[in-house]
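Thanks for asking me to look through this one with you. My notes are below as numbered points, so you can follow them with the structure open beside you.

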Amino acid sequence: MNTVDNSKLIPRFLPDDQVKMEGWHPEWVKGLVMAQMRVESATDEGTFEAAVRVLDHYQEMGVNAMWLTPIQDKGTTGNGYSNMGLHTVNPALTQKDSYEESWKVVKEFVDEAHKRNIRVFSEMVTWGVEWNAPLYTEKPEWFNGISAWGGYN
């Protein structure tokens, strides 16, 4: 098996007082107060629609960034960190039958967050997919010995 050497991509370690971030990011990043939300456990209902009311609480606390963990369709597993692809949304979070309609619900949540000056970041799980995900079943050659979970067979 050929190995990939990414060592040149790893930044060298610097003490905190020597790290200069100016110019690396937009100015607004410096003022982020971020909270993490798992939509399915943020409310009793576990939906984006119900989670809108949680945004008021975060706004009152001064949160201006929301990190959503993970929202992709989790297939047959229970934790959400395997997925059916980045284009999917877990239907339990939206109560919709199609991904297209589900993304509209996500957009409504994001719009509500923006009304409260809260930016929304989505965690993307890219290294593993469900065994029955279209990416795995339609393009098995892309995995070349790597299991759907990202490990080697």
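1. Which residues are linked with E112 in a network of salt bridges? The network joins D56, E112, K115 and R116. Please keep in mind throughout that this is a predicted model.

2. Let us stay with one pair from that network. E112 and K115 form a salt bridge, with N and O 2.9 Å apart. Both residues sit in helix α4, which covers residues 99-115, and because they are three residues apart there, about one helical turn separates them. Their surroundings are worth a look too: E112 is partly exposed at 22% relative accessibility, while K115 is exposed, with a relative accessible area of 63%. As a general reminder, side chains of opposite charge can pair when their charged atoms come close.

3. Stepping back to the whole chain, you will find five helices and three strands. Read from the N terminus, their order is β-α-α-β-α-α-β-α. The chain has 153 residues, and 34% of them are buried. Among contacts with a separation of 6 or more, 54% are between residues 24 or more positions apart. The exposed area of the chain is about 10300 Å², with 54% of it supplied by carbon and sulfur atoms.

4. How many salt bridges does the structure hold? There are eight. One of them pairs K74 with E40, where the closest N and O atoms are 3.8 Å apart. This pair links distant parts of the chain, 34 residues apart: E40 belongs to helix α1, and K74 to the loop between β2 (65-68) and α3 (91-94). K74 is buried, its relative accessible area being 18%, whereas E40 is partly exposed at 29%. With a cut-off of under 20% for buried, K74 counts as buried because its value is 18%.

5. Another salt bridge joins the side chains of R53 and E45, with an N to O distance of 2.8 Å. Here R53 is partly exposed at 48% relative accessibility, and E45 is also partly exposed, at 46%.

6. R53 turns up again beside T43, a residue in the loop between α1 (39-42) and α2 (48-60). Buried or exposed, what is T43? T43 is buried, with a relative accessible area of 11%. Apart from neighbours within four places in sequence, T43 is in contact with A50, A51, R53 and V54.

7. Now for the nonpolar side of things. The largest nonpolar core contains 21 residues, and those with the most contacts inside it are M37, V39, F48, Y58, M66, L68 and F109. Two or more residues come from each of β1 (34-37), α2, β2 and α4. Which element gives the largest share of this core? That is α2, with six residues. In soluble globular proteins, nonpolar side chains tend to be buried together.

8. M66 makes a good place to finish, since you can follow its contacts one by one. Leaving out residues up to four places away in sequence, M66 touches A35, Q36, M37, L55, Y58, I118, R119, V120 and F121. Two of these partners, M37 and Y58, are named with M66 among the core residues that have the most contacts inside the core.

Technical notes
Residues are numbered from 1 along each chain as its sequence is written. This is a predicted model: local features need pLDDT of at least 70, side-chain atom pairs count only at pLDDT 80 or more; totals for chains, interfaces and linings use all residues. Side-chain values use heavy atoms; hydrogens and water are left out. Helices (H or I, at least four residues) and strands (E, at least two) are DSSP runs, numbered from the N terminus. Buried means under 20% relative accessible area, exposed over 50%, partly exposed in between (1.4 Å probe, protein chains only). Contact means heavy atoms within 4.5 Å. Accessible areas come from the Shrake-Rupley method with a 1.4 Å probe; for residues, only the protein chains shown count as cover. A salt bridge is a side-chain nitrogen of Lys or Arg within 4 Å of a carboxyl oxygen of Asp or Glu. A nonpolar core is a set of buried Ala, Val, Leu, Ile, Met, Phe, Trp, Tyr and Cys residues joined through side-chain atoms within 4.5 Å.
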